[in-house]
Amino acid sequence: MELAEDRIQKREDRCQMAEDRAQRTDNQIIEANMSLRGSETTEAIPPAQKLFGVSWGISPQSPQPTFSRGRNERGGQKDASNMERVNINLGVRGYPVLIGEKLLSKTGALLNDYEISKKVAVISNPTVWKFYGKQVIKSLKDAGFSPVKIIIPDGERYKNLKTVEKIYTGMLKAGIDRKGCVIALGGGVVGDIAGFVSATYMRGVKYVQIPTTLLAQVDASIGGKTGVDHKLGKNLIGAFYQPLFVLSDISTLKTLPEREFRAGLAEIIKYGIIRDAELFDFLEKNASRILIRDREALEFIIRRSCEIKARIVEQDEREETGLRSILNFGHTIGHAIEAATKYRKYLHGEAVAMGMVAEAELSGVLGYASGEEIEKVRRIVGGYFERSLEDELLKKKLLTYIKLDKKKAGELIKIPLILSIGNVDVKKIDLKKLLFVIRRKR
Ligand SMILES: NC(=O)c1ccc[n+]([C@@H]2O[C@H](COP(=O)([O-])OP(=O)(O)OC[C@H]3O[C@@H](n4cnc5c(N)ncnc54)[C@H](O)[C@@H]3O)[C@@H](O)[C@H]2O)c1
């Protein structure tokens, strides 16, 4: 195994060196008000109906959702400005997640409630900036701030220390001091990098998350995990660092490419599976409304997801008690799929979707969940995604990557398994059983 791992590592190193070469030529940062390069777009996929060998018709006649308005069941509340508010209760590090439409124009006014200097840095990428940069800058200027724009290239391959260093330079040249503030405007990549910059610039400055992808709104922007990738692995350099607030403007999702939007839905399905049978049910019955990005439906699923993540983070802020690891449902196999395909073939959410089905099947094979529950997972994932784990070559590679997993101890791996929809438990299981589930014919 050592040899196989070495070979993989060498291949990955070669691949990384090639990427580094590419990066040296085009990885530049626009410092203080200069634009850098065009956006990388994502190919849209047609609506998915047939997946994992299951047909799951998304019917326009699906039952209408039942929304809980005003104060909701889990501590979120709607305020006078028609924003949903989910509090992350972490004592002095606590903060609100504000969810609603057309919130970008409130950025400056909201920031005025905090003790920060007037010079702030807005970190974004060209894709997001093109759509939303002006609105945020105007709002900041209207509220008396002097924003400095820092644009980083779009893409996970720029989530590294080189980009961080260039941001530091931009901020230093612009004169951002210790009382300054960083505003992260973008998806999870921008949020993770900007958060890490904030945690470390002058030993820490305040920051705000303005997530513009569905994944970032329900996951990456909440919980204070910040960081960058290292050539030896993803997210290996980082810090826990909580923002002042998270501003989730649902209107920004209108411009999100279809594939990215669906990838974000995978994390929402995950929340339903691990903690919330009602959310799961809603996702199942309202797929057509969700897929056309109906405002009320989105507000509901985003708020519920934020509440679930909030309650988990509150109990295990720094991933110490093990509770936070239930958020990894679908991710052990998902990460292995991403690594085995060099992070190029599938988006993270697509890989997690496949991982959730495989890990649900594992829960069934090991006798933790009933066949009926497993079928529900297959059906819901099948309703939103059309990728499947049928690729035999991929299946063969997966175990090698699973063996590199941080959660592995000897031949055992810790993995959240389904007991029933809305209820998972972290179990230690034998890698051979995982292999059996991955390899079996569906
Ligand atoms: N910190 C955490 O807890 C946490 C949790 C999950 C994921 N992550 C990280 O998040 C990253 C993935 O985030 P992501 O899925 O948001 O990817 P991303 O940030 O790369 O965004 C995906 C694409 O969508 C574009 N985009 C963003 N918002 C848009 C909009 N409103 N309209 C049009 N295009 C838009 C981006 O420019 C990019 O091309 C990974 O690096 C992952 O490690 C972090």
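This is a dialogue between a visitor and a guide about reading a predicted protein model with a bound ligand.

Visitor: What kind of model is this, and how are its residues numbered?

Guide: The model is predicted, and local features are reported only at pLDDT of at least 70, side-chain atom pairs only at pLDDT 80 or more, while totals for chains, interfaces and linings use all residues. Residues are numbered from 1 along each chain as its sequence is written.

Visitor: How many helices and strands does the protein chain have?

Guide: Helices (H or I, at least four residues) and strands (E, at least two) are DSSP runs, numbered from the N terminus. In the protein chain there are 15 helices and 15 strands.

Visitor: What share of the protein chain counts as buried?

Guide: A residue is called buried if 20 or more other C-beta atoms lie within 10 Å of its own, exposed if 12 or fewer, and partly exposed in between, with C-beta atoms placed from the backbone. By that rule, 48% of the 442 residues of the protein chain count as buried. As for contacts, two residues are in contact if their C-beta atoms, placed from the backbone, lie within 7 Å. Among contacts between residues at least 6 apart in sequence, 75% join residues at least 24 apart.

Visitor: Which residues of the shell are closest to the ligand?

Guide: A residue is taken as near a molecule or strand if its C-beta atom, placed from the backbone, lies within 6 Å of it. Here 28 residues surround the ligand, and the closest are Gly187, Gly188, Val189, Thr213 and Ala220. The elements giving two or more residues to this shell are helix 3 (126-142), helix 5 (188-200) and helix 6 (214-220). For residue classes, Ala, Val, Leu, Ile, Met, Phe, Trp, Tyr, Cys and Pro count as nonpolar, Asp, Glu, Lys and Arg as charged, and the others, Gly among them, as polar. The shell holds eight nonpolar, 12 polar and eight charged residues. Domain bounds come from an automatic or database domain assignment, and the shell draws at least three residues from each of domain 1 (4-66 + 257-438) and domain 2 (77-253).

Visitor: Which strands are joined to strand 8, and do they run parallel or antiparallel?

Guide: Two strands pair if DSSP finds at least two bridges between them. Strand 6 (residues 119-124) is joined to strand 8 by four bridges and runs parallel to it, with isoleucine 123 opposite alanine 184. Strand 9 (residues 206-211) is also parallel to strand 8, through six bridges, and here cysteine 181 stands opposite lysine 206. Six of the six residues of strand 8 (residues 181-186) are buried; Cys181, Ile183 and Leu185 point one way, and Val182, Ala184 and Gly186 point the other way.

Visitor: How do strand 14 and strand 15 run, parallel or antiparallel?

Guide: Strand 14 (residues 412-420) and strand 15 (residues 423-430) run antiparallel and are joined by eight bridges, with isoleucine 418 partnered by valine 424 in strand 15. Their hairpin has two residues between the strands, and glycine 422 in that hairpin takes a positive phi near 95°.

Visitor: Which residues other than glycine have a positive phi?

Guide: Asparagine 235, in strand 11 (residues 233-240), has phi near 55°, and asparagine 235 is partly exposed because 13 other C-beta atoms lie within 10 Å. Another case is lysine 342, with phi near 60°, found in the loop between helix 11 (331-340) and helix 12 (348-365); lysine 342 is exposed, with 10 other C-beta atoms within 10 Å.

Visitor: What span should helix 13 have?

Guide: The expected span of a helix is 1.5 Å times one less than its number of residues. The 14 residues of helix 13 (residues 371-384) should therefore span 20 Å, and the end C-alpha atoms are 21 Å apart, which agrees. Helix 10 (residues 295-315), with 21 residues, reaches 30 Å, close to the 30 Å expected, and 15 of the 21 residues of helix 10 are buried, so helix 10 is largely enclosed by the rest of the structure.

Visitor: Why does leucine 398 count as buried?

Guide: Leucine 398, in helix 14 (residues 392-403), counts as buried because it has 25 C-beta neighbours inside 10 Å. Not counting residues up to four places away in sequence, leucine 398 touches Ile333, Ala336, Ile337, Ala340 and Ile438.
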